[in-house]
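Reader: I would like a close look at the salt bridges, with some account of the parts that carry them. Please keep the answer in one piece.

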Amino acid sequence: MSVTHVSPTESATIVEDLKDERIPSAMYWTVEQVADWIDELGFPHYRNCFTTNLIDGRMLIRIEASAFPRIGITDFEHIKIIAKSIRDILTVEEPDWTRSISLPPRSDLGMYLEVKSVRGKNIDTMTMQQFQQQYPDPKWRPPLANHCLILPHN
């Protein structure tokens, strides 16, 4: 298993984020901490599924229940329990499948977690406070800012 090295700047970001009570500490779990959590959840036989695939706290944000069979979790009841438990530890709401996709996101935290789920120098060092300053009122926006301009005019 590889060891994740954290730069001093990223370490300061983690400390700053964890001072914010809205940020779930699970977001910064190591692969080993995620595996320990799976053990505590009652699924020690899935520990290797998480360690082999290097799933840390930030990867937990992105992993979907549909990906579990690819990492070795095939029991549907277990998938439901683990997926719900991930939402719980990350304090993310359960998806509302009847909600229109045209509505803006419901939570700034959810948007921040989505941004932090990927890696990169700027993202690794971004705190929730910086995210809110950079995006003071984050809303869903279509991928093309000129989407109306590409439609034919009558």
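Author: A residue is buried when its relative accessible area is under 20%, exposed when over 50% and partly exposed in between (1.4 Å probe, protein chains only). The model is predicted, so local features need pLDDT of at least 70 and side-chain atom pairs pLDDT 80 or more, while totals for chains, interfaces and linings use all residues. Residues are numbered from 1 along each chain as its sequence is written, and side-chain values use heavy atoms, without hydrogens and water.

The buried pair comes to hand at once: R58 and D124 are both buried. They form a salt bridge (a side-chain nitrogen of Lys or Arg within 4 Å of a carboxyl oxygen of Asp or Glu), and their closest N and O atoms lie 2.8 Å apart. This pair links distant parts of the chain, with R58 in helix α4 and D124 in helix α8, 66 residues apart. Helices here are DSSP runs (H or I, at least four residues), numbered from the N terminus.

Helices α4 (57-62) and α8 (121-124) also appear in the surroundings of α7: together with α1 (8-19) and α9 (128-134), they are among the elements that cover the buried residues of α7. Those buried residues are L109, M111, Y112, L113 and K116, in a helix that spans residues 108-116.

The salt bridge between R58 and D124 belongs to a set of eight found in the whole structure. Another joins R47 to E32, where the closest N and O atoms are 2.2 Å apart. It too connects distant parts of the chain, since R47 sits in helix α3 (residues 47-52) and E32 in helix α2, 15 residues apart. E32 has 34% relative accessibility and therefore counts as partly exposed. R47 and E32 do not stand alone, as a network of salt bridges links them with D36 and D39.

Helix α2 has a further partner. Its residues W37, I38 and L41 meet I82, S85, I86 and I89 of α6, where meeting means contact, with heavy atoms within 4.5 Å.

Helix α6 carries a salt bridge of its own, between E77 and K80, whose closest N and O atoms are 3.1 Å apart. These two are three residues apart in α6, so about one helical turn separates them. E77, at 44% relative accessibility, counts as partly exposed, and K80, at 40%, counts as partly exposed as well.
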